[in-house]
Amino acid sequence: FVSETVAGYDDTMFSDALFGHVAGAYTGASSPRQGLVQSAESGTLFLDEIGDLSAPSQVKLLRLLQEREYRALGSDRLQRSTARFIFATNRDLKAMRDAGTFRGDLFYRLSTHFIEIPPLRQRRRDVAPLVRHFVSKAARELGVDPPVVPHALFQLLNTHAFPGNVRELEAMVFDGVAKARGHALSLALFEPHLAREGGTRESTSPVGDGIAAPGNLFASLQSIPTLTEVQSQLIEDALRRADGNQGIAARLLGISRTALNKRLHNQDGPTEDSARSLSE
């Protein structure tokens, strides 16, 4: 198994990395170099960030996949490849194809077997097992005992949009384990990370016929709700997103827990979620 990240490669670097070169192929090539394709012979070659390839490199990759043939730089000898190829990208190749920045024939060749992994914000159930995994990994690397992960931390992280995806979560957890001073991870260790990314609120793009300022949440509504209705729905949604945790719900709403409790008590006929939260 051979892997390589091709982001930032110009066409010459890409060709040299994949196909190798013979001695004297260019200035400074004093000795031959075996390329990644040859290194992965009868195995697997994994290329990451494939969406960053230049147009000439896309042509060379397409030929390699279609013909299973290549030439080392500076060589006239045609070589055949028996490697299996796997590619990955965080770009939308279909959109790039439509925009003309990614070859359509290469797109369809790469789409023979296609697996899409949604961003972390779309698979919240993965947060808890990933946190546990990263806690164990960080503890091993730091040479410390793994701290206990409180359930409230999962509730807090599940409200975050994770613009940095899984890498962002891993960085948060590593920092939390490194700074932990007790037997359990403290939520306070994660709050600076969430604040740097604009808190836990996700941006919204309302759709509607009304003319409104960008970000207006009520642009698509026929009538404006009352303040009481808005407050009630905001509290219900905050409690739902926080899995009933009042402290985290208050943080989402930008108020103190005491202020949230007061609003819950002042509501006429609290909802099921609110009642459950109060009873907890």
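This passage describes the nonpolar cores, one amphipathic-patterned helix surface and the salt bridges of a predicted model. Residues are numbered from 1 along each chain as its sequence is written, and side-chain values use heavy atoms, with hydrogens and water left out. Because the model is predicted, local features need pLDDT of at least 70 and side-chain atom pairs count only at pLDDT 80 or more, whereas totals for chains, interfaces and linings use all residues.The largest nonpolar core (a set of buried Ala, Val, Leu, Ile, Met, Phe, Trp, Tyr and Cys residues joined through side-chain atoms within 4.5 Å) has 33 residues. Val131, Leu157, Leu169, Val173, Leu185 and Phe190 have the most contacts inside this core. At least two of its residues come from each of α6 (127–142), α7 (151–157), α8, α10 (227–241), α11 (246–253) and α12, helices being DSSP runs of H or I with at least four residues, and strands runs of E with at least two, numbered from the N terminus. The most is given by α6, with 7 residues. With residues up to four places away in sequence not counted, phenylalanine 190 touches Leu153, Leu157, Met172, Val173 and Leu185 (contact: heavy atoms within 4.5 Å). Another core, of 27 residues, lies apart from it and includes Leu36, Leu61, Leu62 and Leu65.

In helix α12 (residues 257–266), Ala259, Leu260 and Leu264 are the buried residues; buried denotes under 20% relative accessible area, exposed over 50%, and partly exposed in between (1.4 Å probe, protein chains only). Viewed down the axis of α12, these buried residues fall within an arc of 140°, so they line one face of the helix; the arc is that of the directions from the helix axis to the C-beta atoms. Thr258, Lys262, His265 and Asn266 are exposed on the other side of α12.

The structure holds 11 salt bridges, each a side-chain nitrogen of Lys or Arg within 4 Å of a carboxyl oxygen of Asp or Glu. In one of them, arginine 33 pairs with aspartate 16, with the closest N and O atoms 3.5 Å apart. This pair links distant parts of the chain, 17 residues apart, arginine 33 lying in strand β3 (residues 33–34) and aspartate 16 in helix α1 (residues 11–19). Arginine 33 is partly exposed at 41% relative accessibility, while aspartate 16 is buried at 9%.

A salt bridge within helix α8 (residues 165–179) joins the side chains of aspartate 175 and lysine 179 (3.3 Å, N to O). The two residues are 4 residues apart and therefore separated by about one helical turn. Aspartate 175 is buried, at 19% relative accessibility, and lysine 179 is partly exposed, at 46%. Arg63, Glu69 and Arg80 are linked in a network of salt bridges, in which the side chains of glutamate 69 and arginine 63 meet at 3.8 Å, N to O.
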